[in-house]
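Student: Could you take me through one part of this structure closely, starting from a single residue and working outwards? I would like the reasoning spelled out as you go.

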Amino acid sequence: MKAILFIALLTTIFVVSTANKKPACKIPLAQVPTQWITMVDTCTNKIREQIQAEISAAMTYMAMGAHFSRDKINRPGFAETFFKAATEEREHAIKLIEYLLLRGDLGKGFEPLIRDIPKPQNTSWTNGFEALTEALRLETKVTRLINGIIKECENAAINDYHVVDYLTEDFLGEQYRGQRDLAGKASTLGKMIKKHGALGEFLFDKKLLYGEL
């Protein structure tokens, strides 16, 4: 009986000590050929900067949405518009990250990409017109950066036509339509405020909320 108890005790000690040890086996990294990774560093870095700009724009739009959602402001139309814009910018950033992964390279990795994102300069706005005009400036900056990537990647030394086609087809058209939409909204709101004062912004907000603009 004592021998059985002794064997059981040794077995228990062995199982516990084995469970506390980390597995000695370590799977080595696969040696995958890298010849298929053809994007040059200058293009990769430009797209990384664009990802940061898109996420920064999303954060600014989130700040705008939160501002107009405050009980003292209470402009649900503006809030919904800017929260929707924040989602779109975030989706753009994800698409660009996926594109870099498609081409086989995130450059310096993911952590510094997120760490170095510029924070929004403003967290409050005097009125809706000020927010719309800042949004237009923000979209203009994003568009200019996209054109900068295209210019960099289509030069004779690089000629990465796939990057150029991807950005032109999937991004530029949407950017130009968005800029035109913001410019039109700002123009209409400016006229309504000039004619009706604070009531003009209130009415404009209702039109935004019910999709009439």
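Tutor: Gln50 has a relative accessibility of 2%, so the residue counts as buried, a class that covers anything under 20% relative accessible area, with exposed meaning over 50% and partly exposed the range in between (1.4 Å probe, protein chains only). This is a predicted model, in which local features need pLDDT of at least 70 and side-chain atom pairs count only at pLDDT 80 or more, while totals for chains, interfaces and linings use all residues. Residues are numbered from 1 along each chain as its sequence is written, and side-chain values use heavy atoms, with hydrogens and water left out.

Gln50 sits in helix H2; helices here are DSSP runs of H or I with at least four residues, strands are runs of E with at least two, and both are numbered from the N terminus. Once residues up to four places away in sequence are set aside, Gln50 touches Leu96, Val142, Leu145, Ile146 and Ile149, where contact means heavy atoms within 4.5 Å.

Two of those partners, Leu96 and Ile146, lead into the largest nonpolar core, since they are listed with Met39, Ile47, Ile51, Val163 and Leu167 as the residues that touch the most other members among its 24. Such a core is a set of buried Ala, Val, Leu, Ile, Met, Phe, Trp, Tyr and Cys residues joined through side-chain atoms within 4.5 Å. Helix H2 (41-69), helix H3 (76-102), helix H5 (128-153) and helix H6 (161-196) each give two or more residues to this core, and the largest share, 6 residues, comes from H6. A second, separate core holds 21 residues, including Ala85, Leu132, Leu138 and Met192. In soluble globular proteins, nonpolar side chains tend to be buried together. Val163 shows how such a core member is surrounded: leaving out neighbours within four places in sequence, Val163 is in contact with Met39, Ile47, Tyr99, Arg103, Ile149 and Cys153.

Cys153 brings us to the covalent link. A search of the whole structure finds 1 disulfide, defined as a pair of cysteine sulfur atoms within 2.5 Å, and it joins Cys43 to Cys153 with the sulfur atoms 2.1 Å apart. Because Cys43 belongs to helix H2 and Cys153 to helix H5, the pair ties together parts that are 110 residues apart in sequence. Cys43 is buried at a relative accessible area of 0%, and Cys153 is likewise buried at 0%.

Ile146, a partner of Gln50, is also touched by Gln175, whose other contacts beyond four places in sequence are His92, Glu139, Val142 and Thr143. Gln175 lies in helix H6 and counts as buried at 2% relative accessibility. The side chains of Gln175 and Thr143 are joined by a polar contact of 2.9 Å, that is, a pair of N or O atoms within 3.5 Å, of which, within protein, one must be able to donate a hydrogen and the other to accept it, and residues adjacent in sequence count only if both atoms are side-chain atoms.

Gln175 is also one of the positions to which an unreviewed UniProt entry gives the feature "binding site", together with Glu54, Glu89, His92 and Glu139; the positions are given in the numbering used here, feature names are shortened, and annotations may be inferred rather than shown by experiment. These residues span 122 residues in sequence, yet no two of their C-alpha atoms are more than 12.5 Å apart, so they gather at one spot. Glu139 lies in helix H5 and counts as buried at 6% relative accessibility. Apart from neighbours within four places in sequence, Glu139 is in contact with Tyr61, Glu89, Gln175, Gln179 and Leu182.

Stepping back to the whole chain, the secondary structure comes to 7 helices and 0 strands. Buried residues account for 35% of the 213 residues. Among contacts between residues at least 6 apart in sequence, 77% join residues at least 24 apart.

Two loop residues complete the picture. Asn74, in the loop between H2 and H3, has a phi near 50°, a positive value in a residue other than glycine, and Asn74 is partly exposed at 49%. Asn159, in the loop between H5 and H6, also has a positive phi near 50° and counts as partly exposed at 48% relative accessibility.
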